[in-house]
Amino acid sequence: MSSSATVESENWISLENGERKLSSSSLLLRKRSSDPAVNVVVSRFDRFRIIIEFLVNFRQVVLGTKLCVLIPAIPLAILAQYHHFSRECIFALSLLGLAPLAERVSFLTEQIAYFTGPTVGGLLNATCGNATELIIAMFALRQRKTHVLKYSLLGSILSNLLLVLGTSLLCGGLANLGKEQRFDKKQADINTLLLLLGLLCHVLPLVCKHGIQPADYSAESVLWLSRGSAIFMLLAYLVYLIFQLRSHRQTYQTEEEDDEEEEICEERAVIGFWSAFIWLIIMTISIALLSEYIVGTIEAASDTWGISVSFISLILLPIVGNAAEHAGSIIFALKNKLDLSLGVALGSGAQISMFVVPICVIVAWIMGIHMDLDFHLLETVCLAFSILVTTFSLQDGTSHYMKGVVLCLSYAVISTCFFFHKIPASPTEASLGGNSF
């Protein structure tokens, strides 16, 4: 008993001595921190640390992509606008500058997803994944150029379904000729169902406007039908997010996605949360600035280059805006990870159809602009064909390069059609809102 008591007393004495040492060391640090010379050294160290951290983040965010060679186009576009260069020059520089910005926004949302988790990260990707198209749409609405708005949104859907997916299947099939390429149909089925629902919401206003006697309908009823359909589309997309990210997450999680998540878990964010958030704000502001230049100069570029506004809005703008999705989808297909490739291409197309389009209709409603879901006959037929040919291509759960060839050639035919398709783009018609399309 006496020996145990002696040991306990020695332990208490050692603990007390340790606490005294800690307290004395903290007092010593406080005394040192009161020294002006030490404060100067500490402040300089903090200053260098901030500079080093900024340089590291700058290297990861700005120089961490092969598209960084196009970043000088951003300040050149701003200078061209400030010094009143030709409007087609401003348009070209702004269009080139959008490609790296769109890719970097995708990178920054992935970095933030490391800290927020998959659910919030999925919602963030739904909001920011198509930030370029959404910002261009908002500026087109503000300038009441709904013809540019509708063509850019339609072009984004067609680009994802035919060009991005078609190129991915083509490259993946050629790179894996000796392997059987298979994918899980569940993810493709739910996205194609959403696309078909969106197509229904586009067809009904078209039928009401052009397939019914004028005495039986009015432009106001078509407008309210479009607004009601937009609300239902947003509701369907919200349920889709809950379905895929929460209630049926395990059902739609394939082995490839499990391997990808294991790789992601082993990785860590290369920049901090607040750094990524601040850079995301900077990139979004830059996209907004260039988008305003593009919308304001698109007619001048069309007149100078002899290219129709429909072709620029439907083909050129979506290719630039979907640069990140295009590159990512092809990389996954080359690695024979078709589930991830389909998730990128079809998921982005469903986002545009069921999220960005109805958001634009509701924002136009708030702004007092008459924008409906009638994309006119030719445009709606191209959308319907694209959804149907994509659905038939993915119905058996297998893939080969021939399917990619068909999708790419379908996109080439539609591009050729709109290259020769002229629409009026005068300021008078553009100011009429949705009826000018």
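Q: Why are helix H8 and helix H14 called roughly parallel to each other?
A: In this predicted model, where local features need pLDDT of at least 70, side-chain atom pairs count only at pLDDT 80 or more, and totals for chains, interfaces and linings use all residues, H8 (residues 185–210) and H14 pack at an angle of about 25 degrees, with axes 9 Å apart. Angles under 35 degrees count as roughly parallel, over 145 as roughly antiparallel, 65 to 115 as roughly perpendicular and the rest as oblique, so H8 and H14 are roughly parallel. Residues are numbered from 1 along each chain as its sequence is written, and side-chain values use heavy atoms, leaving out hydrogens and water.

Q: What makes H12 oblique to H16?
A: The axes of H12 (residues 309–321) and H16 (residues 401–419) come within 7 Å and cross at roughly 140 degrees. Because that angle falls in none of the three named ranges, H12 is oblique to H16. Axes here are lines fitted to C-alpha atoms, for helices over the stretch in contact, with angles from 0 to 180 degrees between N-to-C directions.

Q: How do you know that Ala236 counts as buried?
A: Ala236, found in helix H9 (residues 219–247), has a relative accessibility of 18%. Buried means under 20% relative accessible area, exposed over 50%, and partly exposed in between, with a 1.4 Å probe and protein chains only, so Ala236 counts as buried. Ala236 and Phe355 are 119 residues apart in sequence, while their C-alpha atoms are 9.2 Å apart in space.

Q: Why is Ile278 called partly exposed?
A: Ile278 lies in helix H11 (residues 273–305), and because its relative accessible area is 48%, Ile278 is partly exposed. Together with Trp274, Phe277, Ile281, Ile282 and Ile285, Ile278 makes a nonpolar surface patch of about 610 Å².

Q: What makes the phi of Asn336 worth noting?
A: Most residues other than glycine have a negative phi. Asn336, however, is not a glycine and has a positive phi of about 65 degrees. Asn336 is found in the loop between H13 (323–334) and H14 (338–367), and because its relative accessible area is 18%, Asn336 is buried.

Q: How do you know whether His376 is buried, partly exposed or exposed?
A: His376, found in the loop between H14 and H15 (377–393), has a relative accessible area of 29%, and therefore His376 is partly exposed. The phi of His376 is near 75 degrees, which is a positive value in a residue other than glycine.

Key: Patch = residues over 30% accessible without salt bridge, like charges linked within 9 Å, V, L, I, M, F, W, Y side chains within 5 Å. Areas by Shrake-Rupley, 256 points an atom, 1.4 Å probe, with all protein chains shown as cover. Salt bridge = Lys/Arg side-chain N within 4 Å of Asp/Glu carboxyl O. Helix = DSSP H or I, 4+ residues; strand = E, 2+ residues; numbered from the N terminus.
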